[in-house]
Protein chains: 2
Amino acid sequence: MDAEAVVDVSGEKSFSSQLRSWQQRMEEALAARLPAAELVPERLHAAMRYAVLGGGKRVRPVLLFATARTLGLTERHVEGAACAVELIHAYSLVHDDLPAMDNDDLRRGKPTCHRAYDEATAVLVGDALQPLAFELLARDVALPADAGIRLRLIEMLAQASGSLGMAGGQAIDLAAKGRRLAVSEVEAMHERKTGALIRASVMMAAACVPRLSEDAQTALERYARAVGLAFQIKDDVLDATGDVATLGKAVGADVRQARSTYAVLSGVGAARERMQRLHEQAHEALEQFGTAAEPLWAVSTWLLARRN
Amino acid sequence: MDAEAVVDVSGEKSFSSQLRSWQQRMEEALAARLPAAELVPERLHAAMRYAVLGGGKRVRPVLLFATARTLGLTERHVEGAACAVELIHAYSLVHDDLPAMDNDDLRRGKPTCHRAYDEATAVLVGDALQPLAFELLARDVALPADAGIRLRLIEMLAQASGSLGMAGGQAIDLAAKGRRLAVSEVEAMHERKTGALIRASVMMAAACVPRLSEDAQTALERYARAVGLAFQIKDDVLDATGDVATLGKAVGADVRQARSTYAVLSGVGAARERMQRLHEQAHEALEQFGTAAEPLWAVSTWLLARRN
């Protein structure tokens with residue numbers, strides 16, 4: 001299954017089939033690692049599966065797989081880490097959607113977790129997905145066996161999701177509601193809220209390669225930083241220009257909530273130009289890897305062109 | 001009959017000074033490991049410190065320290081793990097107190113986190129304390145350096161706090177509200193909700209000893225199981241008989257919320273008898289350690305006699 005031919009990314013078609021294969025792989029990998037819905041407490045386990053399975057672009061796992069391929073690893077080497085990162089991402093969506101946070105009713109075209117179940121269950125779903133992510137990094141078989149590498153992965157994921165990473169970015173975002181930020185402040189917020197976990201996805205795959213050169217690590221870090229920011233700007237543009245049927249969630253929320261976003265602050269045109277420049281920076285960062293980096297380049301193209 | 005009578009006066013006195021010293025040590029250890037309140041995002045970091053510092057019996061760290069002493073380790077060997085377990089416990093209190101969960105206003109004699117700050121911040125405080133706990137296990141210096149031991153600690157804490165442990169116990173508790181449970185169901189719920197983390201406290205300290213015998217592990221597990229259940233029954237009795245000034249939280253909530261507890265189901269007298277039997281079981285489990293186990297025996301006595 002992981003032995004699909006090396007992707008010829010110049011052909012958009014072959015990447016999209018690779019993408020579907022990675023997404024399908026993740027659906028199965030996550031389903032196998034989540035507790036069965038028949039296990040006590042059934043309602044919590046059913047809600048965990050509801051929150052994680054059956055949708056999502058799997059951007060972070062795709063970044064892990066593409067980085068693995070670029071560095072000569074197989075999907076099997078990083079699958080456990082891909083699941084861990086996606087569980088953290090899924091928990092953050094469940095908590096961000098809560099009434100006390102963004103109060104969203106729709107996610108991936110379905111009722112949000114607290115709507116489909118109840119608020120207390122949604123809090124517990126997020127709380128229970130977190131330790132499952134760290135447990136996978138500690139003992140999943142689809143990861144390098146080396147204990148030192150695993151500890152490094154745990155440290156990276158913990159930092160990316162904690163108060164100096166994703167959770168901190170969400171706190172900054174909440175505090176900024178109704179206040180007009182400078183573009184630089186918006187970037188600093190995004191760097192944590194979505195950027196930290198996107199960077200971790202690339203760098204955790206890199207950490208699975210023993211003795212990867214400093215140069216390669218720096219290049220991947222630059223790539224991930226550019227892609228992470230472009231990803232968030234794209235989200236802002238989609239919120240301003242997309243429609244609910246394509247996006248699977250409410251649109252126009254940023255303007256209504258007086259949120260400072262790229263699209264709101266600079267206008268959609270300037271936001272698109274910034275994205276294009278970041279996309280080029282991402283490409284440049286990959287130069288030293290030559291054609292081996294084609295999967296990562298294709299991911300950046302995909303994220304830029306996506307419609308949801 | 002009275003547990004306090006079992007410990008001789010001088011022993012009791014020296015344990016209470018040991019206890020204060022452990023609690024003081026934890027206050028400093030946690031303060032040093034939490035992000036400074038001046039660090040961005042300041043409000044989140046201040047709220048994290050508010051939720052963790054300045055109070056609490058530190059039952060779980062005390063169990064770690066007492067187990068370490070029994071097994072010939074120093075506090076320094078397990079301090080990182082003691083902090084990790086306490087961060088998980090602290091996050092669980094913050095989330096359990098939320099309006100969507102138990103909706104409590106008072107905790108340790110202070111306003112609960114969502115009262116002192118706001119609900120969104122309280123959600124994020126819990127979310128950010130979790131990864132900090134796992135980060136400590138991955139890299140804190142006050143732990144055995146051995147990477148394999150650290151991975152085992154991470155696995156143990158993750159399992160104890162996840163959907164088959166603490167978070168699952170809370171889900172079972174919520175689902176049971178307003179429904180009369182059998183005593184055996186109450187025990188099964190407590191086994192996860194508070195028992196899992198208490199057992200993990202003892203067993204994580206044990207996991208810091210390389211090649212500890214199966215016999216010793218089984219004995220410690222028996223001790224921890226008995227102490228964990230006795231601890232929860234004591235909580236139920238205190239809720240039924242204590243006063244708000246001593247407890248630092250609302251009392252009588254269990255009866256008002258029609259919660260099935262030992263004290264509600266069996267009456268306070270029967271609950272006290274069950275505690276006493278568990279206390280004796282805990283003592284018996286420690287026999288093989290001889291006088292080395294005095295710290296663990298003293299902890300059980302303390303937990304039985306406590307007034308809050």
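The following exercises, with worked solutions, concern a predicted model of two chains, A and B.

Residues are numbered from 1 along each chain as its sequence is written, and chains are lettered from A, and ligands numbered from 1, in the order in which they are written. Because the model is predicted, local features need pLDDT of at least 70 and side-chain atom pairs count only at pLDDT 80 or more, whereas totals for chains, interfaces and linings use all residues.

**Exercise 1. Overall form of chain A**

Determine how many helices and strands chain A has, and assess its radius of gyration against the globule rule.

Solution. Step one is the secondary structure, in which helices (H or I, at least four residues) and strands (E, at least two) are DSSP runs numbered from the N terminus. Chain A has 15 helices and 2 strands.

Step two is the radius of gyration, taken over C-alpha atoms, with the globule rule being 2.2 Å times the number of residues to the power 0.38. The value for chain A is 19 Å, close to the 19 Å given by the rule for 308 residues, so the chain is as compact as a globular protein of that length. Its C-alpha trace spans about 50 × 45 × 35 Å along the principal axes.

Step three concerns burial: a residue is buried if 20 or more other C-beta atoms lie within 10 Å of its own, exposed if 12 or fewer, and partly exposed in between, with C-beta atoms placed from the backbone. By this criterion 53% of the 308 residues of chain A are buried.

Step four concerns contacts, which require C-beta atoms, placed from the backbone, to lie within 7 Å. Among contacts in chain A between residues at least 6 apart in sequence, 70% join residues at least 24 apart.

**Exercise 2. Relation between the two copies**

Establish which operation lays chain B on chain A, and describe the surface through which the copies meet.

Solution. The copies are superposed by least squares on the C-alpha atoms of residues with pLDDT of at least 70 in both. A turn of 180° with a shift of 0.0 Å along the axis lays chain B on chain A with an RMSD of 0.0 Å. The two copies are therefore related as by a two-fold rotation axis. In chain B, the C-alpha nearest this axis belongs to B:Ala147, at 2.8 Å.

Next, the contact takes 44 residues from chain B and 44 residues from chain A. On the side of chain B that touches chain A, two or more residues each come from helix 3 (42–52), helix 7 (119–139), helix 8 (147–161) and helix 9 (166–176). Helix 7 of chain B gives the most, with 15 residues.

For composition, Ala, Val, Leu, Ile, Met, Phe, Trp, Tyr, Cys and Pro count as nonpolar, Asp, Glu, Lys and Arg as charged, and the others, Gly among them, as polar. The residues on this side of chain B divide into 25 nonpolar, 12 polar and 7 charged.

Finally, 100% of the interface residues of chain B are also interface residues in chain A, so the copies meet through the same surface.

**Exercise 3. Helix 16 of chain B**

Compare the expected span of helix 16 of chain B with the distance between its end C-alpha atoms, and state whether they agree or disagree.

Solution. The expected span is 1.5 Å times one less than the number of residues. For the 12 residues of helix 16 (residues 294–305) this gives 16 Å, and the end C-alpha atoms are 16 Å apart, which agrees. The helix is mostly covered, with 10 of its 12 residues buried; among them are B:Trp297 and B:Trp302.

**Exercise 4. Backbone features and a loop residue**

Locate the cis peptide bond at A:Pro41, the positive phi at A:Arg108, and the surroundings of A:Asp97.

Solution. The bond from A:Val40 to A:Pro41 is cis, with omega near -5°, and A:Pro41 lies in the loop between helix 1 (12–33) and helix 2 (42–52) of chain A. In chain B, the bond from B:Val40 to B:Pro41 is cis, with omega near -5°.

A:Arg108, a residue other than glycine, has a positive phi near 50°. Its place is the loop between strand 1 (106–107) and strand 2 (110–111) of chain A. A:Arg108 counts as partly exposed because it has 15 C-beta neighbours inside 10 Å.

A:Asp97 lies in the loop between helix 4 (75–96) and strand 1 of chain A. With 23 C-beta neighbours inside 10 Å, A:Asp97 counts as buried. Not counting residues up to four places away in sequence, A:Asp97 touches A:Asp102, A:Asp104, A:Arg107, A:Thr112, A:Cys113 and A:His114.

Methods:
Two residues are in contact if their C-beta atoms, placed from the backbone, lie within 7 Å.
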